[in-house]
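The following exercises concern a single protein chain. Please work through each task before reading its solution.

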Amino acid sequence: MKLRVLVPDDIIFDDEVYSLVAEGEDGHFGLKPRHIDFVSALVPGLLYFARRQDSAAEYLAVDRGILVKQGETVTVSVRNAVGGVSLEELVETVNSRFLELDDRERAVRSAVARLEAGFLRRVMDLK
C-alpha cells in the first residue's frame with residue numbers, strides 16, 4: 001500500500017509499505033494492504049512501518065492528526081512529524097516537543113474559557 005505522511009507545508013514520507021502501526025485515541029492499531037477502509041484520529045506518538053514483509057520496522061514521530069486508509073492508500077496528515085533519526089531521539093521528540101505543545105494548548109484553552117466566562121458574567125450583570 002502507499003503511505004503518505006503530510007505536514008502543513010511538506011510531504012514527510014511518500015512510498016510503498018507492507019504494513020504500519022499507529023496510535024489512535026483508543027490505542028495502537030495495525031494496517032495491512034487488504035485492511036478495510038479506515039479513519040482514525042492520531043495522538044502524539046510513533047508511526048511504525050515496514051516497506052516489505054521481511055524488512056525491519058522504520059519509525060516516524062508524529063503529532064496529533066488524522067489517518068485515512070482508502071483502498072491501497074494510507075494518508076496521514078499531522079501538524080508535525082520527524083523521521084530519519086534514531087528511535088531514542090524520536091521517543092524524546094514525542095515526549096518533549098509534541099506533548100509540550102499539548103500542554104500549551106490546554107493552558108490556552110483554559111485561559112480562553114475563563115475569558116469567555118468572565119465576559120458572559122459581565123453581560124449578565126448589565127441586564
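The exercises below treat the fold, the core, the strand pairing, the surface and the salt bridges in turn.

The model is predicted: local features need pLDDT of at least 70 and side-chain atom pairs count only at pLDDT 80 or more, while totals for chains, interfaces and linings use all residues. Residues are numbered from 1 along each chain as its sequence is written, and side-chain values use heavy atoms, with hydrogens and water left out.

**Exercise 1. Fold**

Task: Determine the secondary structure of the chain and the order of its elements.

Solution. Step 1: Assign the elements as DSSP runs, with helices (H or I) of at least four residues and strands (E) of at least two, numbered from the N terminus. Step 2: The assignment gives one helix and 10 strands. Step 3: Read from the N terminus, the order is β-β-β-β-β-β-β-β-β-β-α. Step 4: Take contact to mean heavy atoms within 4.5 Å. Among contacts between residues at least 6 apart in sequence, 50% join residues at least 24 apart.

**Exercise 2. Core**

Task: Identify the residues of the largest nonpolar core that touch the most other members, and describe the surroundings of L47.

Solution. Step 1: Classify burial by relative accessible area: buried is under 20%, exposed is over 50%, and partly exposed is in between (1.4 Å probe, protein chains only). Of the 127 residues of the chain, 31% count as buried. Step 2: Build the core as a set of buried Ala, Val, Leu, Ile, Met, Phe, Trp, Tyr and Cys residues joined through side-chain atoms within 4.5 Å. Step 3: The largest such core has 20 residues, and those touching the most other members are L3, V5, L20, L47, L67, V74 and V76. Step 4: Two or more residues each come from strand 1 (2-7), strand 3 (19-24), strand 4 (27-31), strand 6 (45-50), strand 7 (58-62) and strand 9 (73-78). Step 5: Leaving aside residues up to four places away in sequence, L47 touches L3, V5, L20, V21, A22, E58, Y59, L60, V62 and V76.

**Exercise 3. Strand pairing**

Task: Establish which strands pair with strand 7, and in which sense.

Solution. Step 1: Require at least two DSSP bridges between two strands before they count as paired. Step 2: Strand 6 pairs with strand 7 in the antiparallel sense over five bridges, and Y48 stands opposite Y59 in strand 7. Step 3: Strand 7 also pairs with strand 10 (residues 81-83), in the antiparallel sense over three bridges. The bridge partner of V62 in strand 10 is A81.

**Exercise 4. Two residues of strand 5**

Task: Decide whether S40 and V39 are buried or exposed.

Solution. Step 1: S40 is found in strand 5 (residues 38-42), and V39 lies in strand 5 too. Step 2: S40 counts as buried because its relative accessibility is 12%. Not counting residues up to four places away in sequence, S40 touches G24, F29, G65, I66 and L67. Step 3: V39 has 55% relative accessibility and therefore counts as exposed. Step 4: V39, I66 and V68 make a nonpolar surface patch of about 220 Å². For such a patch, residues need over 30% relative accessible area and no salt bridge, and nonpolar side chains (Val, Leu, Ile, Met, Phe, Trp, Tyr) are joined within 5 Å.

**Exercise 5. Salt bridges**

Task: Count the salt bridges and locate the partners of K2 and of R51.

Solution. Step 1: Apply the criterion of a side-chain nitrogen of Lys or Arg within 4 Å of a carboxyl oxygen of Asp or Glu. The count comes to five salt bridges. Step 2: K2 pairs with D14, the closest N and O atoms being 2.9 Å apart. K2 lies in strand 1 and D14 in strand 2 (residues 10-16), so the pair ties together parts that are 12 residues apart in sequence. Step 3: D15 forms a salt bridge with R51, with the closest N and O atoms 2.4 Å apart. Since D15 lies in strand 2 and R51 in the loop between strand 6 and strand 7, the pair ties together parts 36 residues apart in sequence. Step 4: E58 also forms a salt bridge with R51, the closest N and O atoms being 2.6 Å apart. Step 5: Salt bridges that share partners join K2, R4 and D14 into one network.

Key: Patches are made of residues with over 30% relative accessible area and no salt bridge: like charges are joined within 9 Å, nonpolar side chains (Val, Leu, Ile, Met, Phe, Trp, Tyr) within 5 Å. Accessible areas come from the Shrake-Rupley method with a 1.4 Å probe; for residues, only the protein chains shown count as cover.
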